[in-house]
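The following exchange examines a protein chain by way of questions and reasoned answers. The reader may wish to keep the coordinates in view throughout.

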Amino acid sequence: MTMKKIEFVLAPFETHWVGDGFKVHNFIPSGPGLDMKRMDPFILLDYNAPMKVPALKRPAGVGAHPHRGFETVTFAYQGKVEHHDSFGGGGVIGSGDVQWMTAASGVLHKEFYEEEWSRKGGTFQMVQLWVNLPAKDKMGEPRYQAIKNEMMGRYSIDGQGSFVEVVAGSYKGVEGPAMTFSPVALMNARLRKGAEADFSFPAAYNTAALVVRGSAKVNGVDAPTDHFVKFANEGEDFTVEAVEDDTIVLVMSGEPLREPIASYGPFVMNTKQQIREAFDDFNRGKFGYLED
């Protein structure tokens with residue numbers, strides 16, 4: 001096995017609002033060298049860095065909108081998010097939880113701050129990752145996975161409170177609970193100062209990390225808070241060492257699908273014709289009904 005080469009460490013850049021509740025840095029596909037083809041199967045990553053939310057009379061968020069052809073994976077690091085979709089999926093996730101929605105053939109969904117949390121306000125921090133679906137699964141049945149923190153696999157690093165939390169894939173024999181359509185690993189390294197976690201993924205997989213809290217050294221390279229680390233497709237192994245106490249690093253790695261990508265707004269398919277069909281089906285009400 002050989003050490004993975006770090007292609008670059010990217011600082012967060014300008015933010016934009018998604019609806020009226022999520023103020024995000026878009027790393028994928030907006031970042032240089034982070035387009036959909038390069039990061040396949042990861043086709044979008046929005047990062048809402050910690051922000052103070054005042055007490056609100058009405059929860060902020062995003063109203064009903066369609067998706068087809070991929071999955072949305074939402075990590076709640078601070079705050080609470082409530083989800084509903086036209087296929088009957090829905091629920092509330094809080095700090096440490098993940099919701100995994102497979103849009104597949106098409107759903108309408110909406111995401112807002114959870115009502116009681118919104119009334120009080122607080123610190124809000126989240127990541128939303130879009131994972132592309134293989135062509136054979138794009139028109140399959142939608143599904144929803146509510147992954148509570150206690151359901152995730154845990155691998156203790158040092159017996160001092162440092163561990164790797166496995167959402168999808170496997171880490172040193174510890175399995176994550178998420179069901180995936182292609183080989184995808186998603187995990188959080190939650191480390192005390194000085195603790196080190198080592199990872200290994202095939203060189204051909206597209207691999208990256210996001211420093212969600214604290215700061216780290218990745219293969220000895222400084223990775224400050226809110227920075228995105230992109231690995232080249234060279235080597236398999238890397239280490240994450242916490243420079244500060246209670247550092248959290250989101251690690252992602254996936255086997256590229258190597259299929260054509262046609263995308264427009266909320267639809268990600270393989271051809272432009274399939275995108276036109278998605279708009280037609282949406283306009284004809286085939287994605288179901290969901291109130292804003």
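The questions below concern a predicted model and proceed from the whole chain to its sheets, cores and backbone.

Q: Which radius of gyration does the chain have, and what would a compact globule of 292 residues have?
A: The C-alpha atoms of the chain fill a box of roughly 55 × 45 × 35 Å along the principal axes. For a compact globule of 292 residues, a radius of gyration near 19 Å would be expected. The value for the chain agrees with this, being 18 Å.

Q: What share of the residues of the chain counts as buried?
A: The accessible surface of the chain amounts to about 12300 Å², and carbon and sulfur atoms hold 51% of that area. A residue is called buried when its relative accessible area is under 20%. By that criterion, the buried share of the 292 residues is 56%.

Q: What percentage of the contacts with a separation of 6 or more comes from residues 24 or more positions apart?
A: The chain contains three helices and 26 strands. Among contacts with a separation of 6 or more, those between residues 24 or more positions apart account for 72%.

Q: Which strands are the edges of the open sheet of seven strands?
A: The order of this sheet is 1-22-19-24-17-14-13, and its pairing is antiparallel. On average, neighbouring strands in it are turned by 20° against each other, direction ignored. An edge strand pairs on one side only, and this applies to strand 1 (6-10) and strand 13 (153-156).

Q: Which residue of strand 17 stands opposite Ala-168?
A: Strand 14 (residues 163-168) pairs with strand 17 (residues 184-191) in the antiparallel sense, over five bridges. Opposite Ala-168, strand 17 places Leu-186.

Q: Which residue of strand 10 is the bridge partner of His-67?
A: Four strands make up an open antiparallel sheet in the order 5-10-7-8. Its edge strands, each paired on one side only, are strand 5 (61-67) and strand 8 (90-93). Strand 5 is joined by five bridges to strand 10 (residues 107-113), and the two run antiparallel. Within strand 10, the bridge partner of His-67 is Val-107.

Q: Which strand gives the most to the largest nonpolar core?
A: Nonpolar side chains tend to be buried together in soluble globular proteins. The largest nonpolar core here has 31 residues, and those with the most contacts inside it include Phe-42, Leu-45, Val-167 and Leu-186. With four residues, the strand that gives the most to this core is strand 4.

Q: How many residues does the other core have, which lies apart from the largest one?
A: Phe-228 is one of the residues with the most contacts inside the largest nonpolar core. Beyond four places in sequence, Phe-228 touches residues including Phe-8, Phe-27, Met-39, Leu-45 and Leu-210. Apart from the largest core lies another, with Met-187, Ala-209, Val-211 and Val-240 among its members; the number of its residues is 25.

Q: What is the C-alpha to C-alpha distance between Gly-33 and Phe-8?
A: Gly-33 belongs to the loop between strand 3 and helix 1, and its relative accessible area of 35% makes it partly exposed. Leaving aside neighbours within four places in sequence, Gly-33 is in contact with Phe-8 and Arg-38. Gly-33 and Phe-8 are 25 residues apart in sequence, while their C-alpha atoms are separated in space by 9.3 Å.

Q: What is omega for the cis peptide bond from Asp-40 to Pro-41?
A: Most peptide bonds are trans. A cis bond nevertheless joins Ile-28 and Pro-29, with omega about 5°; Pro-29 is in the loop between strand 3 (22-28) and helix 1 (36-39). Pro-41 is in the loop between helix 1 and strand 4 (42-53). The bond from Asp-40 to Pro-41 is also cis, and its omega is near 15°.

Q: Does Arg-258 count as buried, partly exposed or exposed?
A: Arg-258 is not a glycine, yet its phi is positive, at about 55°. Arg-258 is found in the loop between strand 24 (247-254) and strand 25 (262-264). The cut-off for exposed residues is a relative accessibility over 50%. At 61%, Arg-258 therefore counts as exposed.

Q: What is the relative accessibility of Lys-172?
A: Lys-172 has a positive phi of about 50° although it is not a glycine. Its place is the loop between strand 15 (170-171) and strand 16 (174-175). Lys-172 counts as partly exposed because its relative accessibility is 44%.

Conventions. Residues numbered from 1 in each chain as written. Predicted model: local features only at pLDDT ≥ 70, side-chain atom pairs only at ≥ 80, totals over all residues. Heavy atoms only, no water. Buried < 20%, exposed > 50% of the residue type's maximum accessible area, 1.4 Å probe, protein only. Pairing = 2+ DSSP bridges. Rg over C-alpha atoms; globule rule 2.2 N^0.38 Å. Contact = heavy atoms within 4.5 Å. Areas by Shrake-Rupley, 256 points an atom, 1.4 Å probe, with all protein chains shown as cover. Axes fitted to C-alpha atoms, helices over the stretch in contact; angles between N-to-C directions. Core = buried A, V, L, I, M, F, W, Y, C linked by side-chain atoms within 4.5 Å.
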